[in-house]
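Here is a short tour of a protein chain for someone who likes to keep a viewer open while reading. Pull up the model and follow along.

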Amino acid sequence: MCVAAPGKIINIDGNTATIDYNGNITHANLGIVDAKVGDHVLVHAGLVIQVLPEDEAEYMSQLFKDLEGLGA
């Protein structure tokens, strides 16, 4: 099973977005989504698949943190 993770776009260079996942930085392709710097997005398999409203992104980020805490 794959899970799309929420992150925030901190830079765009052409069709490549730099995504910040709470301090973990990676890159994703913007080929199918119209997004801008500062947008919260879902990324799956290196591709931005959805722009998220800020409140939904915050909710999902907290949910991921809570789930990480269950494994401790």
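There is one salt bridge in this structure, a term that here means a side-chain nitrogen of Lys or Arg within 4 Å of a carboxyl oxygen of Asp or Glu. Its partners are lysine 36 and aspartate 39, whose side chains meet at 3.0 Å, N to O. Side chains of opposite charge can pair when their charged atoms come close.

Before going on, a word on what you're looking at: this is a predicted model, in which local features need pLDDT of at least 70 and side-chain atom pairs count only at pLDDT 80 or more, while totals for chains, interfaces and linings use all residues. Residues are numbered from 1 along each chain as its sequence is written, and side-chain values use heavy atoms, with hydrogens and water left out.

Back to the pair. Is each partner buried or exposed? Lysine 36 is exposed, at 53% relative accessible area, whereas aspartate 39 is buried, at 12%. (Buried means under 20% relative accessible area, exposed over 50%, and partly exposed in between, with a 1.4 Å probe and protein chains only.) Aspartate 39 sits in the loop between β3 (24–29) and β4 (40–44); strands are DSSP runs of E with at least two residues, helices are runs of H or I with at least four, and both are numbered from the N terminus.

The side chain of aspartate 39 also has a polar atom 2.9 Å from the backbone nitrogen of lysine 36. A polar contact is a pair of N or O atoms within 3.5 Å; within protein, one must be able to donate a hydrogen and the other to accept it, and residues adjacent in sequence count only if both atoms are side-chain atoms. Leaving aside residues up to four places away in sequence, aspartate 39 touches Gly7, Lys8, Ile9 and Val51, where contact means heavy atoms within 4.5 Å.

Two other loop residues have a positive phi without being glycine:

| Residue | Phi | Loop | Relative accessible area |
|---|---|---|---|
| Asparagine 22 | about 50° | between β2 (16–21) and β3 | 60%, exposed |
| Alanine 45 | near 55° | between β4 and β5 (47–52) | 74%, exposed |

Now zoom out. The protein chain has one helix and five strands, and from the N terminus the order is β-β-β-β-β-α. Its radius of gyration is 12 Å, close to the 11 Å that the globule rule gives for 72 residues, so the chain is as compact as a globular protein of that length. That radius is taken over C-alpha atoms, and the rule is 2.2 Å times the number of residues to the power 0.38. Along the principal axes, the C-alpha atoms fill a box of roughly 40 × 25 × 20 Å.

Of the 72 residues, 31% count as buried. Among contacts with a separation of 6 or more, 35% come from residues 24 or more positions apart. The accessible surface is about 4800 Å², with 52% of it belonging to carbon and sulfur atoms; the areas come from the Shrake-Rupley method with a 1.4 Å probe, and for residues only the protein chains shown count as cover.

One last stop is helix α1 (residues 54–70), where leucine 70 is found. Leucine 70 is exposed, at 69% relative accessible area. Together with Tyr59, Leu63 and Leu67, Leu70 makes a nonpolar surface patch of about 460 Å². Patches are made of residues with over 30% relative accessible area and no salt bridge: like charges are joined within 9 Å, and nonpolar side chains (Val, Leu, Ile, Met, Phe, Trp, Tyr) within 5 Å.
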